[in-house]
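Me: I'm new to this one and would like a close look at a single part. Please pick one, go slowly, and show me how that part sits in the whole.

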Amino acid sequence: MAKKLDLRRFPGFLPMTWLCLFLLYAPLIIVMIYSFNDSNSITQWGGVSLRWYKDVFWGLEAEKFKLAAIHSLIIAVAAATVSTTIATMAATAMLRAGRFRGKSISFALINLPLMVPEIVTAVATLIFFSTIGFTTGLTTILMAHIVFCVPFAYLPIAARMQGIEDVYEQAALDLYATRYQAFRLILLPLMAPGVISGFLLAFIISLDDFIITNFVKGAGIETLPTAIFGAVKQGIKPNIMAISTLLLLVSVVFVTLSYLVGRMGQNKK
Amino acid sequence: MAGGMVKSENTNTSTYAGLGGWLILPTWLVIGFFLLLPVGIMLIYSFLTKEFRGGVIWDFTFAAYDQFFFDRGLFGDDPAKIEWTYIKIFWRSIWQAGIATIFCLIIGFPTAWFIATRTGSNRSIWLFLITIPYWVNLLIRTISMKFLIRDTGPLNEWLMSMGVISEPIHMINTNFAVQLGLFYSYLPFMVLPIYASVERYNFALSEAAADLYASRLTTLRQIILPTVKPGIIAGCILVFVPSLGAFLAPDLLGGAKTFMIGSLIEEQFKGNAGNWPFGAAVSMILLSLVLIVLTYYARQQSKAEQG
């Protein structure tokens with residue numbers, strides 16, 4: 001037994017893992033620490049305070065960031081809702097509907113947004129809206145977000161559905177349930193953790209997007225990331241640290257929720 | 001997760017047989033209409049004539065591709081020479097993305113191995129810790145890195161106070177900064193697929209090798225690496241492809257000398273260049289490059305599945 005364990009171990013792999021975690025977290029933690037800096041300069045440490053958080057909510061640029069945050073939130077909720085619905089239907093088609101025409105190409109289509117480089121998607125979408133004469137604004141951002149949210153919502157939903165045997169639905173059908181009832185009353189509740197997990201991931205992905213939003217947003221319309229980018233172009237100010245920390249925490253909370261929901265479902269099974 | 005694919009294995013379940021076409025229709029409408037069609041239109045755009053300050057004139061021309069590959073002098077009537085400016089930008093992008101990929105592999109492989117050999121809930125906690133940074137806004141991660149490595153940033157301050165260096169190391173706006181940014185952006189992409197393939201690795205093979213007096217290094221080289229190769233290739237592609245077209249890392253961490261494809265494209269649409277057909281052409285060339293890499297990957301995968 002001791003020998004078996006030994007074979008799994010390579011000298012130096014544990015320190016490498018710690019190094020990996022350190023590299024991943026150090027910059028984020030440092031920004032979090034400096035967001036509490038009570039100083040006008042981002043380099044000098046002037047003690048702990050919440051002044052930059054106050055500045056984010058009530059300062060000079062507060063209105064700008066508030067509006068951007070509202071835009072981001074509306075788009076993220078809408079994009080996550082629509083893409084989760086689409087992804088749930090797609091997963092049912094791919095995993096529960098037997099064979100149909102164009103199935104394998106449909107699978108490639110679902111994953112297409114992950115294959116095409118983001119900047120190419122951004123360019124194509126901008127050109128598309130410009131060609132059909134659609135004014136860029138919140139709607140165009142939303143359309144673009146739905147597209148790239150679909151594969152992210154699809155992953156946990158399909159993974160979950162794969163783990164559910166179809167005997168429960170078959171039993172329901174044998175007892176004269178319609179297929180819609182079997183879906184709504186059996187399959188959907190069983191795969192709810194996957195759907196919630198998918199929704200949360202789509203929500204974060206939409207909330208985080210910068211490149212595509214930057215291309216398809218109209219003049220004057222900002223989401224949180226584009227507003228932050230615009231501000232950073234003038235130089236990193238302490239209020240950027242505070243707002244980054246807030247957004248970072250939102251992402252971490254949502255990912256943790258998504259992870260816990262996914263696990264909760266597995267334990268039940 | 002994170003860019004991976006869920007393979008549709010149980011194709012036999014057919015509770016909703018006959019509805020497949022209807023259920024997949026919204027996907028086709030959304031991705032087909034808002035991604036596939038736009039890429040098609042972008043291809044057409046790359047053959048149109050530019051209008052100043054953005055937009056196009058619907059006149060068919062090869063001008064955009066000509067501008068990319070050939071130098072015809074100031075007035076456009078010299079004999080065509082090869083234009084190196086843009087090819088160099090592509091070459092630099094490939095190089096930067098390649099370096100970032102190698103660094104990700106050096107750090108990512110041991111990490112993935114270590115996590116995959118943990119047991120039970122320990123393993124999922126490690127995995128979760130690696131995944132979290134991926135979901136944190138890329139812009140914020142890049143800003144954090146920019147802040148950290150500035151000349152007067154915490155890293156230099158700390159190194160100077162420790163007495164390791166006497167002058168701040170200039171890192172920002174260098175190739176190194178961009179490589180570091182790309183590395184930092186996509187490191188989790190390397191760990192996850194390698195983790196998945198190590199998890200499936202049968203350690204009886206290592207035991208057999210050890211019984212036959214193979215050293216640990218020999219086992220690693222001749223048994224383990226070939227077995228987990230698909231995961232390594234997948235990880236490399238997941239890091240390399242987005243690095244190639246990255247915009248944020250070169251824009252925020254780099255300078256004029258580290259100009260990459262992403263910035264070149266952005267400049268055509270949002271910046272001063274305002275040449276939409278050229279931007280579309282560069283995007284098409286980037287997309288073709290990515291498709292070549294992905295096709296190569298798909299070939300390797302199907303070979304591995306058959307072999």
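Reply: Helices (H or I, at least four residues) and strands (E, at least two) are DSSP runs, numbered from the N terminus. This is a predicted model, where local features need pLDDT of at least 70, side-chain atom pairs count only at pLDDT 80 or more, and totals for chains, interfaces and linings use all residues. Residues are numbered from 1 along each chain as written, chains are lettered from A and ligands numbered from 1 in written order, and side-chain values use heavy atoms, leaving out hydrogens and water.

Let's set the scene. Chain A has 13 helices and zero strands, so its helix-and-strand pattern simply reads α-α-α-α-α-α-α-α-α-α-α-α-α. Chain B brings twelve helices and four strands. Taken along the principal axes, the C-alpha atoms of chain A fill a box of roughly 70 × 70 × 30 Å, while the trace of chain B spans about 75 × 70 × 35 Å.

Now for the part I'd pick: helix α11 of chain B, residues 261-269. Eight of its nine residues are buried, so this helix is largely enclosed by the rest of the structure. (Buried means under 20% relative accessible area, exposed over 50%, partly exposed in between, with a 1.4 Å probe and protein chains only.) The buried ones are I261(B), G262(B), S263(B), L264(B), I265(B), E266(B), Q268(B) and F269(B).

What does the covering? Both chains pitch in: the cover includes α6 (118-131) and α11 (211-216) of chain A. From chain B, it includes α3 (84-116), α9 (216-244), α10 (248-253) and α12 (276-306). Don't mix up the two helices called α11, one in each chain.

Another buried spot in chain B is Q179(B), at 11% relative accessibility. Q179(B) lies in helix α7, residues 175-199. Beyond four places in sequence, Q179(B) is in contact (heavy atoms within 4.5 Å) with W95(B), Q96(B), I99(B) and A100(B).

Stepping back, 52% of the 307 residues of chain B count as buried, and 53% of the 269 in chain A. Among contacts with a separation of 6 or more, residues 24 or more positions apart account for 63% in chain B and 72% in chain A. Chain B has an accessible surface (Shrake-Rupley method, 1.4 Å probe) of about 14500 Å², 64% of it from carbon and sulfur atoms. For chain A the figures are about 11900 Å² and 68%.

As for cysteines, the structure holds zero disulfides over all chains, a disulfide being a pair of cysteine sulfur atoms within 2.5 Å. Take C20(A): its sulfur is 8.7 Å from the closest cysteine sulfur, in C104(B), which is too far for a bond. C20(A) is buried, with a relative accessible area of 0%, and C149(A) also comes in at 0%.

One caution on confidence. Chain A averages a pLDDT (the predictor's confidence in each residue, from 0 to 100) of 88, and 96% of its residues score at least 70. Residues 1-5 of chain A stay under 50, with two contacts beyond four places in sequence. Where pLDDT is low, the predicted coordinates should not be read in detail.
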